[in-house]
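Let's take a walk through a protein together, one piece at a time. Keep the sequence and the 3D view side by side as you read.

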Amino acid sequence: MSEIQPQDTPKLKPPKIRVRIDKIDDESGEVKKKNYDIKLSDTVAHFTATMRKVLRIPANDSLFFYIHETFSPSLDTTFEILARHYAEKDEKGKEVLHLKFSTTPVYG
């Protein structure tokens, strides 16, 4: 009787969502890269920390993200939840989550 050998399982990449960011006002830093592929398990807090570095926003300054120019997701929300409820299809049929950002509260 032959023994079954475990196969090398390929490492699967974690599922991601394309996030497109745009600034709301002229005072919110310069955006060179507008599209980011974010793991669905990442939180808004993790993304905010990353974007602070990219946009060179000091820790003592605020950074706000908005969806549909009205809704600001809480920091503990995962991108899986945001993608499920707010992602849209782009021209290629890929899901994209559009976020706008500002260093000052804008809506509400």
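In which helix does Thr48 lie? Thr48 is part of helix H1. Is Thr48 buried or exposed? Its relative accessibility is 8%, and buried means under 20%, so Thr48 counts as buried. Setting aside residues up to four places away in sequence, Thr48 touches Leu63, Phe65 and Leu75. Please keep in mind throughout that this is a predicted model.

Now step back and look at the whole chain. The protein contains two helices and five strands. Reading from the N terminus, you meet these elements in the order β-β-α-β-α-β-β. The protein has 108 residues, and 29% of them are buried. How do parts that lie apart in sequence come together? Take the contacts in the protein with a separation of 6 or more: 60% of them are between residues 24 or more positions apart.

Next, let's go inside. In soluble globular proteins, nonpolar side chains tend to be buried together. Here, the largest nonpolar core has 20 residues. Those with the most contacts inside this core are Val19, Ile21, Phe47, Met51, Phe79, Leu97 and Leu99. Which elements each supply at least two residues of the core? They are strand S1 (16–23), strand S2 (35–39), helix H1 (44–55), H2 and S5. H1 gives the largest share, four residues.

Ile21 is a good residue to select in your viewer. If you leave aside its neighbours within four places in sequence, Ile21 is in contact with Val31, Lys33, Lys34, Tyr36, Phe47, Met51, Leu99 and Phe101. Phe47, Met51 and Leu99 appear in that list of contacts, and Ile21 and these three are also among the residues with the most contacts inside the largest core.

Let's turn to charged side chains. How many salt bridges does a search of the whole structure find? The search finds five. One of them links Glu69 and Lys100, whose closest N and O atoms are 2.9 Å apart. This pair ties together distant parts of the chain: Glu69 sits in the loop between strand S3 (64–66) and helix H2 (79–86), while Lys100 belongs to strand S5 (residues 95–102), 31 residues apart. Glu69 counts as partly exposed because its relative accessibility is 37%, and Lys100 is partly exposed as well, at 29%.

Another salt bridge joins Arg84 and Glu80, with 3.6 Å between the closest N and O atoms. These two residues are four apart in helix H2, so about one helical turn separates them. Arg84 has a relative accessibility of 57% and therefore counts as exposed. Glu80, with a relative accessible area of 41%, is partly exposed.

There is also a group of linked charges to find. Arg20, Asp22 and Lys34 are joined into one network by salt bridges that share partners. Within it, the side chains of Asp22 and Arg20 meet at 3.9 Å, N to O. Arg20 is partly exposed, since its relative accessibility is 28%.

Arg20 will also help you find the next feature. The largest pocket is lined by Arg18, Arg20, Asn35, Asp90, Glu91, Lys92, Lys94, Val96 and His98. About 160 Å³ of space lies in this pocket. S1 and S5 are the elements that give two or more residues to its lining. What kinds of residues make up the lining of the largest pocket? Six are charged, two are polar and one is nonpolar.

For a last stop, go back to the loop between S3 and H2. His68 is located in this loop, and so is Glu69, which you have already met as the salt-bridge partner of Lys100. Look at the backbone here: phi of His68 is near 55°, a positive value in a residue other than glycine. Phi of Glu69 is also near 55°, again positive in a residue that is not glycine. His68 has a relative accessible area of 47%, so it is partly exposed.

Technical notes
Residues numbered from 1 in each chain as written. Predicted model: local features only at pLDDT ≥ 70, side-chain atom pairs only at ≥ 80, totals over all residues. Heavy atoms only, no water. Salt bridge = Lys/Arg side-chain N within 4 Å of Asp/Glu carboxyl O. Buried < 20%, exposed > 50% of the residue type's maximum accessible area, 1.4 Å probe, protein only. Core = buried A, V, L, I, M, F, W, Y, C linked by side-chain atoms within 4.5 Å. Contact = heavy atoms within 4.5 Å. 1 Å grid on protein atoms, 1.4 Å probe; cavity = no way out; pocket = protein on both sides within 12 Å on 5 of 7 lines; lining within 4 Å. Points joined across faces, edges and corners; volume = space filled by probe spheres on them. Nonpolar A, V, L, I, M, F, W, Y, C, P; charged D, E, K, R; others polar.
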